[in-house]
Amino acid sequence: MIGHFLGGDTEGAALGMDGVGAGDGRGPGWDGSSMDKPGSLGWPWFIHGWGWSLDARGPQGEGGRRRTCCRERLVPFEHAESTYGLYRTHLLSRLPIPDSQVITINPQLPVEEAAEDYAKKLRQAFQGDSIPVFDLLILGVGPDGHTCSLFPDHPLLQEREKIVAPISDSPKPPPQRVTLTLPVLNAARTVIFVATGEGKAAVLKRILEDKEENPLPAALVQPHTGKLCWFLDEAAARLLTVPFEKHSTL
């Protein structure tokens, strides 16, 4: 799937992820239980939430693939709620990916400093870009319509200057998080949303069909020049009336 959206070339790519999103914002394989079955639903689902950029370059200007989380909870990597910790344990540890190619937050810093530090790391990886341009962002959507850690009616939806923002009052625990902002999401060359389950059906109809005066956060993700794709199962898509392409498997 990733190779297809990157034109078959994932060398030198930088990947960034959000979270995984079924009923509570987490999807099949969240605990790693389906990671032993690459052909199962959990395998493609588990990788959603990352972003990938072919052109990312490190501090010395060397080319190299880069992967990063689109949002992270400010907890130690060993904590059960750590996005990076989860992927490190159940995905990255099984792949030949050196730590130097994964951009992470510093969870030991206060949330404001952690966001600033994360933004600095991204600017070093995307030198020359005022806003990082990811080749691929794989995002989830919560039943309330949030994506990354951008929640409905939250002031961060109006953020236009920062590429990474701290949040200390997340409606979902833990309250302190670090998230990419809408300018970064909308600068991506390709954005893929993945959603499964009946618990997402109502919010997906609002996002994809209703023209709301105050759009939900996920509806605000509209890449300026890139592609936007939604991967849904039948249960999540059951209320949609717009035409969509149907496949037998994810």
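**Exercise 1. Find which residue in E8 is the bridge partner of proline 166.**

Step 1. Look across to E8: the bridge partner of proline 166 there is valine 178. Helices (H or I, at least four residues) and strands (E, at least two) are DSSP runs, numbered from the N terminus.

Step 2. Now widen the view to the two strands. E7 and E8 (residues 177–180) pair in the antiparallel sense over four bridges. Two strands count as paired if DSSP finds at least two bridges between them.

Before going on, a word on what you're looking at. This is a predicted model, where local features need pLDDT of at least 70 and side-chain atom pairs count only at pLDDT 80 or more, while totals for chains, interfaces and linings use all residues. Residues are numbered from 1 along each chain as its sequence is written, and side-chain values use heavy atoms, with hydrogens and water left out.

**Exercise 2. Work out the strand order of the open sheet that holds E7 and E8.**

Step 1. Start from the other partner of E8: three bridges join E4 to E8, and the two run antiparallel. Here arginine 73 stands opposite arginine 177 in E8.

Step 2. Put the pairings together, and you get a three-strand open sheet in the order E4-E8-E7, with antiparallel pairing. E4 (71–73) and E7 are the edge strands, as each pairs on one side only.

Step 3. Check the twist. Neighbouring strands of this sheet are turned by 15° against each other on average, direction ignored. Axes are lines fitted to C-alpha atoms, for helices over the stretch in contact, and angles run from 0 to 180 degrees between N-to-C directions.

**Exercise 3. Decide which way the side chains of E7 (residues 164–167) point, and what lies across the strand.**

Step 1. Sort the residues: Val164 and Pro166 point one way, Ala165 and Ile167 the other.

Step 2. Check burial. All four are buried, which means under 20% relative accessible area (exposed is over 50%, partly exposed in between; 1.4 Å probe, protein chains only).

Step 3. Add the helix: H4 (residues 111–125) lies across E7 and E8, at about 165° to E7.

**Exercise 4. Classify the ring pair of phenylalanine 77 and tyrosine 84.**

Step 1. The structure holds three aromatic pairs. In this one, the ring centres are 4.8 Å apart and the planes sit at 70°, so it's edge-to-face. Rings of Phe, Tyr and Trp (its six-membered ring) pair with centres within 6.5 Å; planes under 30 degrees apart are stacked, over 60 edge-to-face and the rest tilted.

Step 2. Phenylalanine 77 is buried at 15% relative accessible area, and tyrosine 84 is buried at 8%.

Technical notes
Contact means heavy atoms within 4.5 Å.
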